[in-house]
Amino acid sequence: YMGALPCEMGRGRIRSLAVSDVRFPTSLAQHGSDAMHPDPDYSAAYVVIETDAPDDLKGCGFTFTLGKGTEVVISAVQALSIHIINKDLDDIISDFRGFYRQLTSDGQLRWIGPEKGAVHLATAAILNAVWDLWAKQEGKPLWKLLVDMDPKQLLSCIDFRYITDALTEEEAFSILQSGLAGKKAREEQMLKYGYPAYTTSCAWLGYPDHCLKQLCTEALKDGWTRYSSVFLVRASKHSRRC
């Protein structure tokens, strides 16, 4: 990451959005297979946005797909691009919630979305690219950009319209405000020891038992101690994984 962009330079106006259809033939060996998706080809609609700022930075974002249908998400990204092309990035960042609502409130496209399906995925790819560019211009990885925000700024990026039955903005603010105590120590601990993670790569449903055993053994040697249990259960007349 580069150093932060000087404020007086401005963040630039978004001049282009490119989207690519990226696919991998993972179904050949049943990588990623589960009970509902026996033959996925891991794929993505990959978005790259550029501005006219002199930093030459690009924002990259993608959403995950399973092969067929990626072209539908690509078309949805292209249809939504009118809401970001020629927009000033400073204006987007200063009202991120408003930008999100603009993407999800297109009077015609929202008929086939935006809280579901291809339009939902397309919206996420564009938003991810904006987040990426914002973080790069600040000279930070995205997690650090979020960590350094004060509670009010962080919450201003979230649309609470459909979640207030579970969490209101006021309640979220109270939680984040309380969490400021010890925040620096927790960040230092994470940087020193890392963040707990698990792997899903050892036990996809289509893998034979000998492959599962080999991959789990290798993962243990590599230091993995946590596995996603959703992929570790397979019951049949002859075998059971748990």
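In what sense, and over how many bridges, do β2 and strand β3 pair? The two strands pair in the antiparallel sense, over eight bridges. The model described here is predicted. This briefing considers strand β2 with its partners, and then the largest pocket.

**Strand β2 and its partners**

- Strand β2 covers residues 43–51, and seven of its nine residues are buried, so the strand is largely enclosed by the rest of the structure. Here, buried means under 20% relative accessible area.
- Strand β1 (residues 14–23) also pairs with β2 in the antiparallel sense, over nine bridges. Within this pairing, Ser20 has Tyr46 of β2 as its bridge partner.
- Strand β3 comprises residues 58–65, and its residue Gly61 is the bridge partner of Val47.
- The hairpin of β2 and β3 has six residues between the strands, and Asp56 in this hairpin takes a positive phi near 60°.
- As a general principle, side chains in a regular strand alternate between the two faces of the sheet.

**The largest pocket**

- The largest pocket holds about 390 Å³ of space.
- Its lining consists of 16 residues, and those nearest the centre are Val147, Leu176, Gly179, Lys183 and Arg186.
- Four elements each give two or more residues to this lining, namely α5 (142–147), α6 (151–155), α7 (169–179) and α8 (183–193). The largest share, four residues, is supplied by α8.
- By residue class, the lining of the largest pocket contains eleven nonpolar residues, one polar residue and four charged residues.

Notes
Residues are numbered from 1 along each chain as its sequence is written. This is a predicted model: local features need pLDDT of at least 70, side-chain atom pairs count only at pLDDT 80 or more; totals for chains, interfaces and linings use all residues. Side-chain values use heavy atoms; hydrogens and water are left out. On a 1 Å grid over the protein atoms alone, a cavity is a set of points where a 1.4 Å probe fits but cannot get out, and a pocket is an open set with protein on both sides within 12 Å along at least five of seven lines; lining residues have an atom within 4 Å of a point. Grid points are joined across faces, edges and corners, and a volume is the space filled by probe spheres set on the points. Ala, Val, Leu, Ile, Met, Phe, Trp, Tyr, Cys and Pro count as nonpolar, Asp, Glu, Lys and Arg as charged, and the others, Gly among them, as polar. Buried means under 20% relative accessible area, exposed over 50%, partly exposed in between (1.4 Å probe, protein chains only). Two strands pair if DSSP finds at least two bridges between them.
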